[in-house]
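Biologist: I am new to this structure and would be grateful for a close look at a single part of it. Please take the site around the ligand, and set it in the context of the whole chain.

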Amino acid sequence: MSTAIEATGLTKSYRAVPVLRGIDLRIPPGTVFALLGPNGAGKTTTVRILATLTEPDAGTAAVAGYDIRAERSRVRRAISLTGQFAAVDEGQTGAENLRMMARLAGLGRAAARARAGELLARFGLSEAAGRLVRTYSGGMRRRVDLAAGLVGEPEVIFLDEPTTGLDPRSRRELWDIVSDLAARGTTVFLTTQYLEEADRLADRVAVLHDGVIAAQGTAAELKSRVPGDRLDLTLTTSDAYLRAAARAPHATHHDPATRTLGLPTDGTARHVRALLDELDPGGTEVARFALRTATLDDVFLSLTAPGPAVAHERTTTEEAPTHV
Ligand SMILES: Nc1ncnc2c1ncn2[C@@H]1O[C@H](COP(=O)(O)OP(=O)(O)O)[C@@H](O)[C@H]1O
Ligand SMILES: [Mg+2]
């Protein structure tokens, strides 16, 4: 199998509202792929199509080498899907849930018990194994759900926003689990709204925007697509901040609380000077500045910045007097 997931032209509309407008994906086996996008971007829709739970309107896809339409049950046997909301039975203990899943996956009683014990230990749940899932913390619940999905040893695992709503510590624990899965050769397809998570976990990242993959590559490749640096300007007063913000529709970062604006720059003295002059023509309103290297956040914002409105505002501000 040369690709774990391959999709061409996936399209989906709900009541004539397009959600996916032609998604192409190619994910090598044993890698972690992150589909990144804000709420409503179509991440879950993409996952559901690849997991054979939703039919696309058009396009084709193969998962673990099987066609999502013609070989639906084979796809389902090769994958596991873990959602944002845990699917385990709250009225049973962690151990009971996993034993039941193992029995459903076709294991005998003794083998199911052994498999459950192994997964509980691997996910740090041995101590809580005998407690009802109802009493678990959010992080524990997410882990037992993930463990349940691994009972059948899937080739491809879909994690739909696995860390949404988790506290920072549980999030970090889950990151370790995902890294460990990939190290064991499982292909991981995860969706996230967190750039930091994609940056940290994924071999490749795709940004879903307006129903298409707006950019795809390693986190480093994506970062190299935006101007390398960001100039952060801290203004002296709130009024000065508002004036500078009005002159800078291309700002990618706004923080009124600290009166700071961030703008893309190539980092040369010439460009930094030009930006200072543009935002602070009188030369008295910028209190401090700092140069920062690009983050995935900057990539995301530059890809998803609204188009026409910004272009219009920019035209009007360019008529304002500036000295370069
Ligand atoms: N079953 C459905 N019926 C109608 N609209 C849906 C359905 N599922 C998703 N949508 C819509 O499709 C869009 C994308 O949803 P979704 O894939 O859940 O996004 P994400 O997971 O990125 O938040 C949203 O506008 C959502 O309201
Ligand atoms: Mg979703």
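Biologist: Which helix contributes the largest share of the shell around ligand 1?

Modeller: The model is a predicted one, and the description below should be read in that light. The largest share of the shell around ligand 1 comes from helix H1, which spans residues 43-50 and supplies three residues. The full set of residues surrounding ligand 1 is Tyr14, Arg15, Val19, Pro38, Asn39, Gly40, Ala41, Gly42, Lys43, Thr44 and Thr45. Sorted by class, this shell holds four nonpolar, five polar and two charged residues.

Several polar approaches to the ligand can be described individually. A polar backbone atom of Gly40 lies 2.6 Å from an oxygen atom of ligand 1. For Gly42, a backbone N or O atom is found 2.9 Å from an oxygen atom of the ligand. Asn39 takes part through its side chain, where an N or O atom is 3.5 Å from an oxygen atom of ligand 1. As for cover, ligand 1 taken alone exposes 560 Å², and the protein buries 60% of that.

The setting of this site is the chain as a whole. The chain is divided into domain 1, residues 5-223, and domain 2, residues 229-293. The C-alpha centres of domain 1 and domain 2 are 41 Å apart. Along the principal axes, the C-alpha atoms of the chain fill a box of roughly 80 × 45 × 35 Å. The chain contains twelve helices and 14 strands.

Burial and contacts complete the overall view. The chain has 324 residues, of which 44% count as buried. Its exposed surface is about 15800 Å², and carbon and sulfur atoms supply 51% of this area. Among contacts between residues at least 6 apart in sequence, 68% join residues at least 24 apart.

One further helix may be set beside the ligand site. Helix H10, residues 269-279, has Val272, Leu275, Asp277 and Leu279 as its buried residues. These buried residues of H10 pack against strand S11 (229-235), helix H9 (238-247) and strand S13 (260-265). In general, an α-helix has 3.6 residues a turn, so residues three or four places apart point the same way.

To return to the request, the ligand shell draws its largest share from helix H1, while backbone atoms of Gly40 and Gly42 and the side chain of Asn39 each come within reach of an oxygen atom of ligand 1.

Conventions. Residues numbered from 1 in each chain as written. Chains lettered and ligands numbered in written order. Predicted model: local features only at pLDDT ≥ 70, side-chain atom pairs only at ≥ 80, totals over all residues. Heavy atoms only, no water. Domains from an automatic or database assignment. Near = heavy atom within 4 Å. Polar contact = N/O pair within 3.5 Å; in protein donor to acceptor, adjacent residues only side chain to side chain. Areas by Shrake-Rupley, 256 points an atom, 1.4 Å probe, with all protein chains shown as cover. Helix = DSSP H or I, 4+ residues; strand = E, 2+ residues; numbered from the N terminus. Nonpolar A, V, L, I, M, F, W, Y, C, P; charged D, E, K, R; others polar. Buried < 20%, exposed > 50% of the residue type's maximum accessible area, 1.4 Å probe, protein only. Contact = heavy atoms within 4.5 Å.
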